[in-house]
Amino acid sequence: MKRVVVVGAGPAGTVVAARLAAGGIREVIVIDEKPPWEKPCGGGLTYKAYRSFPLLEHSAPHKAIRQALLSTDGGHVALLRLDRPIRIYSRAVLNRLLLEKAIESGAEFIQARVTAVEACPSGWRVRTAKLSLDADYCVIATGARNSLRDFGARFRPCDLMYALGYYLEREQQQIDIRFLAGVRGYIWVFPRVDHVAVGICGKGLAAPELRQILHGFLREKGWSWKEGRFYAHPIPALEVDGWRRNRYGGRLWVTVGDAAGLVDPITGEGIYYALRSGQLAAEALLDETVDRESKTTRYEQLLEQAFLPELEFASRIASRVFLGSLLGAPVPQRMIQLIRYSQRFRQIVRDLFAGMQPYSSLKARLLRSLSRTIQEALVSVLFHRVSLEEEQA
Ligand SMILES: Cc1cc2nc3c(=O)[nH]c(=O)nc-3n(C[C@H](O)[C@H](O)[C@H](O)COP(=O)(O)OP(=O)(O)OC[C@H]3O[C@@H](n4cnc5c(N)ncnc54)[C@H](O)[C@@H]3O)c2cc1C
């Protein structure tokens with residue numbers, strides 16, 4: 001392959017471009033309608049994400065967060081110390097860092113909106129208002145708002161959730177996560193270097209409703225949103241059957257990141273999956289044992305080995321996590337109570353925050369530690385031995 005065009009220069013597109021260029025593809029062209037920008041996002045990277053991408057280790061400015069305040073709108077609260085911090089980036093900073101890496105590796109960046117990708121004898125003709133570029137292969141990395149209808153995931157409304165929020169000039173040292181009765185989603189406050197990103201996501205709720213709930217939370221915090229910059233964007237959150245009908249590529253094209261629906265349907269974490277799918281797409285395209293026509297199949301195999309079953313499993317349990325009940329109370333409330341009263345359970349939640357506890361083995365781990373967790377909780381409740389975290393909250 002001589003020329004690969006990557007449409008979209010978010011985390012997914014820039015990683016593919018960097019890897020392909022470094023891997024010897026002669027011409028790698030990455031096209032985005034915007035220069036690195038503040039894409040609506042919390043910007044939070046789990047330990048699993050930054051550990052897997054050494055480029056992110058020390059380079060760009062970010063905030064390392066070591067505490068999370070979890071609460072419900074019913075007044076249950078727990079402060080959790082994180083043993084592996086969450087790193088929070090401005091997306092403009094993160095996107096610039098990744099694009100620079102792609103350019104350094106030999107990729108070319110063109111700022112333009114891709115209006116069409118058409119089949120031609122050599123592969124694809126990629127059109128912008130001013131340019132027409134031929135390519136042997138195309139990578140679609142256009143995010144959740146992909147306008148190239150013939151490529152990428154075919155989201156039904158039930159495969160997306162809406163998210164919105166504000167960037168506020170505030171300072172805070174901990175992450176806030178607020179669970180909301182009857183909502184499959186949550187509110188977050190993510191502190192960044194010089195501001196905070198506050199937002200809400202909720203499956204099945206319309207934007208005005210989400211906005212109203214978020215305003216209630218901000219009022220409770222005593223924060224005004226009037227001067228803040230508003231943002232809104234969809235997040236892929238595939239239903240269980242959405243994974244089976246999903247489209248990761250076709251003849252001479254693959255899709256990566258949000259455009260492929262690769263987001264954790266519980267937490268909305270997508271940056272890791274964007275970076276990782278970018279890596280896997282590049283691996284498939286560079287694999288010399290696989291002919292050009294079979295690259296998509298190879299990419300699908302790699303996705304399957306890496307994380308697709310885990311994301312599908314997350315879709316299976318997402319509703320129960322937010323809307324289920326345990327021992328007569330909502331799951332989020334019970335989770336917060338157990339964080340307060342059981343050291344063992346706290347460690348499980350820490351591992352979830354770090355991205356190091358797969359959902360698929362969560363049940364087995366919970367069952368394994370059940371009797372100790374209950375013992376710890378009972379002793380704490382009966383003898384008022386609450387955790388240090390709780391006292392600070
Ligand atoms: C409100 C919100 C909060 C979130 N918080 C987090 C979080 O804290 N942590 C986390 O891990 N994930 C979070 N996510 C998810 C995360 O933002 C995405 O998963 C991630 O950005 C996906 O990366 P991507 O490269 O696939 O797509 P994107 O980052 O969306 O990049 C796509 C790029 O394609 C470009 N593009 C699109 N169409 C065209 C076109 N026709 N021509 C040229 N260019 C085009 C766009 O300009 C854009 O730059 C959040 C999402 C939302 C909406």
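**Close-ups of a predicted model**

**View 1. Two cysteines that stay apart.** The sulfur of Cys-120 lies 9.8 Å from the closest cysteine sulfur, the one in Cys-138, and that is too far for a bond. A disulfide here is a pair of cysteine sulfur atoms within 2.5 Å, and by this rule the count is zero. Seen from the other side, Cys-138 is in no disulfide either, with the sulfur of Cys-120 as its nearest cysteine sulfur at 9.8 Å. Are these cysteines buried or exposed? Cys-120 counts as buried because its relative accessibility is 13%, and Cys-138 is buried with a relative accessible area of 0%. For these labels, buried means under 20% relative accessible area, exposed means over 50%, and partly exposed is in between (1.4 Å probe, protein chains only).

A note that goes for every panel: this is a predicted model, where local features need pLDDT of at least 70, side-chain atom pairs count only at pLDDT 80 or more, and totals for chains, interfaces and linings use all residues. Residues are numbered from 1 along each chain as its sequence is written, and side-chain values use heavy atoms, with hydrogens and water left out.

**View 2. The whole protein, for orientation.** The protein has 13 helices and 19 strands; these are DSSP runs (helices H or I, at least four residues; strands E, at least two), numbered from the N terminus. Its C-alpha atoms fill a box of roughly 75 × 45 × 40 Å along the principal axes. The radius of gyration is 22 Å, which agrees with the value near 21 Å for a compact globule of 393 residues. That radius is taken over C-alpha atoms, and the globule rule is 2.2 Å times the number of residues to the power 0.38. Buried residues make up 57% of the 393. Of the contacts between residues at least 6 apart in sequence, 73% join residues at least 24 apart, a contact being heavy atoms within 4.5 Å.

**View 3. Asn-95 and its neighbours.** Asn-95 sits in helix 3, residues 91–104. With a relative accessibility of 2%, Asn-95 counts as buried. What does Asn-95 touch, leaving aside its neighbours within four places in sequence? The contacts are Ala-9, Gly-10, Pro-11, Pro-36 and Trp-37.

**View 4. Leu-252, a leucine with positive phi.** Most residues other than glycine have a negative phi. Leu-252 is not a glycine, yet its phi is about 65°. Look for Leu-252 in the loop between strand 16 (249–250) and strand 17 (253–255). Leu-252 counts as buried, at 1% relative accessibility.

**View 5. Leu-327, another loop leucine.** Leu-327 also has a positive phi, near 50°, in a residue other than glycine. Its place is the loop between strand 18 (325–326) and strand 19 (329–330). Buried or exposed, then, for Leu-327? Exposed, because its relative accessibility is 73%.

**View 6. Val-331 and a partner far along the chain.** Val-331 belongs to helix 9, residues 331–341. Setting aside neighbours within four places in sequence, Val-331 is in contact with Arg-320, Val-321, Gly-324, Ser-325 and Leu-326. How far from Val-331 is Phe-179 in space, C-alpha to C-alpha? The two are 9.9 Å apart, with their positions 152 residues apart in sequence.
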